[in-house]
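Please open the model in a viewer and keep the sequence panel visible. The tour below proceeds by selection, stating at each stop what is to be found there.

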Amino acid sequence: MFMLQLRNELWKLFGKKRTYIGFVMFLLSQNVIALVFKYTHASRPMERMLESSGNLADQYISTLTIATIMLVPAAVFLLPLYVALIGGDLVAKEAEDGTLRMILSRPVSRVRLLLVKWLAGAIFSIALVAMLGVFGLVFSRLHFPWGGLFVWMPEQSILSLFDPGAGLGRYLIGHAMLVTEACSIMCLAFMFSCFNMKPAAATILALSFVFVSFIMEHIPFFKEYQNWFFTYHLHLWQLVFAEPIPWWRVAQSLSLLAGFNATFLAVGITAFQVRDIKS
Amino acid sequence: MIELRDVTKRFGRRLAVDRLTLTVPAGEIFGLLGHNGAGKSTAIGMMLGQVWPTAGKVLVRSQDVMSHRGRALERVGAIFETPAFYDYLSGWSNLVILASYTARTSSRRIKEVIDWVGLTGREHTAVRTYSHGMRARLALAQALLPQPELLLLDEPGEGLDPEGIHEMRQTILRLHRELGLTILLSSHLLNEVQQLCKRIAVIRQGRKVFEGAVSDACRSPRWYRLATGDSNGAIELLRSARLIANANGERLIELADGVGPDSVVRLLVKSGIAVYEITREEQTLEAFYLSLMRDDPQRADKNQSEAACSCGSKSGAT
């Protein structure tokens, strides 16, 4: 029954047009960024940096490098928006539309209903990240040759060069880690969605939480406390582009994100469990 | 089938339901009446485990809804005032989705229910294209999917045209007759309630002010039709003896508190006025309902106890 309910939840989720906003925007933005790199001088600073360190720019201004560069704005700005939108909708939209009352006139437990919905949200997050990766590769491949991966992420002090095979591996691991960011923000919005509020309010609250955490994390005073900030651990996907990968830090962030997610889910379930569902 | 024991519900400081005790026996069509905000939907919400009572106990199919919600609602269907669906999906998909929250349901069963409500041919069309009446049928279909023993109908006639209301009435009677369902009907349509229900409860500001048979509600507890040889003299005499509280025209009298028709007859006969008839006045459910809504709660309580007494001594005529 759980699988049947999950299938139906996905059916509902992917039956709505707004679910596809994220996919469409990724498709457009990845394409535009790839075109900008191809037809402007946007890659010139990279070329200079590579040549000044004795590398051939042609080998590294490649599909993988452009796809990874495109990943940064998508992961920082767009992905949180779309997963928060869906997470905020999952319960609150049904409550607003009145369908939640129809569901809860049936003998399904509230906890089970939330678990099904959360899982559907997680599957959406995985699908969105997967498409982000696929679109990045496809659109950059249309305009750039296959080659090595050059990554420069000054904030994480990462400057790495990989041959094509290793670069593709890092690109895939990076997306696997990006799923944790997407799921965590979705779960945060989902938690707010379980309270008695409009779906837009749940989404805005979740995004506000993310932005406030991000701003505070970057205030010099809080530098030594950055471990405590939610967003600090969301950057986890960037770490896999370091050479070597700081696995201890990755594991630490993964475990903390698991804790954040468990807390968000527990708070959401508790709020939903004690709540009165009215018309 | 449904039992509410001293159920109270507060939303913050607002008292929505106040010590409500209600029993709906199996096999009955029971009407729940009350003004907007009286607490009817809250009471139905508590029966469905959607609203948690602040105090008291709610039993559905002999199961405590708070602790055994799953078992209590296994064979319960519900229809709300404005049935909400996933408009972008077809009627069939909506039924498949809603059914999955009860139990695995075969396509044959879904088809059977669609046939029963008369939606065959439109089940694969998106719900957003459905008329109000078709949505009402789909709502009925989803309520019938779990093969219910009990149907909770919260304002099912809201927004329907006269044909729709007629159809709804026929459907409820058919459900009761053919499937033997127990039905709790919450409605503002007093005429429908009068035609459909055997028993009713009236809620006012969260408190039950009447529970009893519709026939008792329609029988005025205090107003009597009196036929005598001297109408004006009789009313004067009864008024001076303080046996009546009010009179309407020459034939309608309202007995004073604690006075029975026997006292009236005794006095009139003793005074030499011929009494041809004294009958309890019949009133419409609407008149009864409005009298309850106009009364202050204490008086309403008195009405209820008088109505309850009248169940024991129904012979109003002498």
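## A β-α-β unit in chain B

Select strand 7, helix 6 (residues 162-179) and strand 8 of chain B: together they make a right-handed β-α-β unit. Right-handed here signifies that, with the strands pointing away from the viewer, the path from the first strand over the helix to the second runs clockwise. Helices (H or I, at least four residues) and strands (E, at least two) are DSSP runs, numbered from the N terminus.

The model is predicted: local features need pLDDT of at least 70, side-chain atom pairs count only at pLDDT 80 or more, and totals for chains, interfaces and linings use all residues. Residues are numbered from 1 along each chain as its sequence is written, while chains are lettered from A and ligands numbered from 1 in the order in which they are written.

Now restrict the selection to strand 7 of chain B, residues 150-154, where 5 of 5 residues are buried. A residue is buried if 20 or more other C-beta atoms lie within 10 Å of its own, exposed if 12 or fewer, and partly exposed in between, with C-beta atoms placed from the backbone. In a regular strand the side chains alternate between the two faces of the sheet. Accordingly, display the side chains: Leu150(B), Leu152(B) and Asp154(B) point one way, and Leu151(B) and Leu153(B) the other.

Which strands pair with strand 7 of chain B? Strand 6 (residues 76-79) of chain B does so in the parallel sense over 4 bridges, and Ile79(B) has Leu153(B) as its bridge partner. Strand 8 (residues 182-186) of chain B is also paired in the parallel sense, over 5 bridges; there, Ile183(B) is the bridge partner of Leu151(B). Two strands are counted as paired if DSSP finds at least two bridges between them.

## Two loops with positive phi

Most residues other than glycine have a negative phi, and most peptide bonds are trans. Select Gln147(B), in the loop between helix 5 (132-144) and strand 7 of chain B; its phi is positive, about 50°, although it is not a glycine. Gln147(B) is partly exposed, with 15 other C-beta atoms within 10 Å.

Next, select Glu155(B), in the loop between strand 7 and helix 6 of chain B. Its phi is likewise positive, near 50°. Is Glu155(B) buried or exposed? Glu155(B) is buried, with 21 other C-beta atoms within 10 Å.

## The open sheet of chain B

An open sheet of 4 strands in chain B has the order 2-1-4-5, with antiparallel pairing. Its edge strands, each pairing on one side only, are strand 2 (14-24) and strand 5 (63-64). Select strand 1 (residues 2-11) and strand 4 (residues 55-60) of chain B, which run antiparallel and are joined by 5 bridges; Thr8(B) stands opposite Ala55(B).

Zoom out to the whole of chain B, which holds 12 helices and 14 strands. Its C-alpha trace spans about 75 × 40 × 30 Å along the principal axes, and 43% of its 318 residues are buried.

## Helix 1 of chain A and the interface

Select helix 1 (residues 2-15) of chain A. At 1.5 Å a residue (times one less than the number of residues), its 14 residues should span 20 Å, and the end C-alpha atoms are 19 Å apart, which agrees. Gln5(A), Asn8(A), Glu9(A) and Lys12(A) are buried in this helix. Seen down the axis, the buried residues fall within an arc of 105° (taken from the directions from the helix axis to the C-beta atoms), so they line one face of the helix. Their cover includes helix 7 (110-143) of chain A and helix 3 (91-99) of chain B.

Display both chains: 24 residues of chain A are in contact (C-beta atoms, placed from the backbone, within 7 Å) with 27 residues of chain B. Helix 1 of chain A gives the most to the side of chain A that touches chain B, with 6 residues.

## Two last stops in chain A

Select Trp118(A) in helix 7 of chain A. Trp118(A) is buried, with 25 other C-beta atoms within 10 Å. Leaving aside neighbours within four places in sequence, Trp118(A) is in contact with Cys187(A), Phe190(A) and Leu265(A).

Finally, select Pro244(A), in the loop between helix 11 (236-239) and helix 12 (247-274) of chain A. The peptide bond from Glu243(A) to Pro244(A) is cis, with omega near 0°.
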